[in-house]
Amino acid sequence: MEKGLNTVLLGPPGSGKGVQAELLKKKFNFKVISVGEILRIEVRKKSNIGKRIEKVIDSGRLIDSKMAVAIVKKHVGKRKNNLLFDGFPREVYEAKMLDKFIKVSHVFVMKVPEELIIKRLSSRYECYCGMTYNLTSKKPRHDLMCDKCGRKLYRREDDKPGLIRKRINIYKRETLPVVLHYKKNSKTKVIGINGAREIRDVFNDVKKVLE
Ligand code: AMP
């Protein structure tokens, strides 16, 4: 892979961004910035930020974009290359702010039909250690226990059926304009990916582009 690549994974909730980010990290040694995961850790720690954002996240809304940008800046640090953003930027404002300190070379836009999103998120389970499972595609070995740390798995509050539709609508309204923002920039490649396939097939498509 060329040096100096910074990649953004966009897509509706349940489109497989997190799973792909894990695989791409292993393959290309990316530093992954997953704002959702960083926020969930803050909530678990009951930090000041965590207490402020818990209700917002649990209700399926986006957190304040200035706060999201500040968190990303802090996690990027001085690094300028080989960054992979999972679920960021989610609003045009966030994309414009990111442009000020990082050059984004590739944007992958994962596409998945709504019915499949609902099916996937309705069978998603998480572990406190960060592992994610799905009872249809990535089952834990032992009944709702984490393969890695053995703890009991839990369901995300925002994966409740009513909230899934709300999050899809927020994606359409707030995040799809981000795709247009990147399409206008000739230095950024925007690649649509069919995310409704097996994890490995989706990964192979993304990998081919980055190689
Ligand atoms: P995710 O794990 O990507 O589904 O994110 C979970 C939740 O974290 C979202 O529903 C938002 O409340 C919040 N969040 C994650 N990324 C962002 C972002 N870039 N801007 C604002 N809120 C975000």
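Me: Hi! How many residues surround the ligand, and which are the closest?
Reply: There are 15 around the ligand, with R40, R61, R90, E94 and R156 the closest; a residue counts as near if one of its heavy atoms lies within 4 Å. This is a predicted model, where local features need pLDDT of at least 70, side-chain atom pairs count only at pLDDT 80 or more, and totals for chains, interfaces and linings use all residues. Residues are numbered from 1 along each chain as its sequence is written, and side-chain values use heavy atoms, with hydrogens and water left out.

Me: Thanks! How is that shell split by class?
Reply: It has 7 nonpolar, 2 polar and 6 charged residues. Ala, Val, Leu, Ile, Met, Phe, Trp, Tyr, Cys and Pro count as nonpolar, Asp, Glu, Lys and Arg as charged, and the others, Gly among them, as polar.

Me: And what does the backbone of R61 do there?
Reply: A backbone N or O atom of R61 lies 2.5 Å from a ligand oxygen atom. For I63, a polar backbone atom is 3.1 Å from a nitrogen atom of the ligand.

Me: Is the ligand mostly buried or exposed, then?
Reply: Buried: the protein covers 96% of the 480 Å² that the ligand exposes when taken alone, by the Shrake-Rupley method with a 1.4 Å probe.

Me: New topic: which charged and nonpolar counts does the second largest pocket have in its lining?
Reply: Its lining has 8 charged and 4 nonpolar residues, with no polar ones. R40, Y128 and D158 are among them.

Technical notes
Polar contact = N/O pair within 3.5 Å; in protein donor to acceptor, adjacent residues only side chain to side chain. 1 Å grid on protein atoms, 1.4 Å probe; cavity = no way out; pocket = protein on both sides within 12 Å on 5 of 7 lines; lining within 4 Å.
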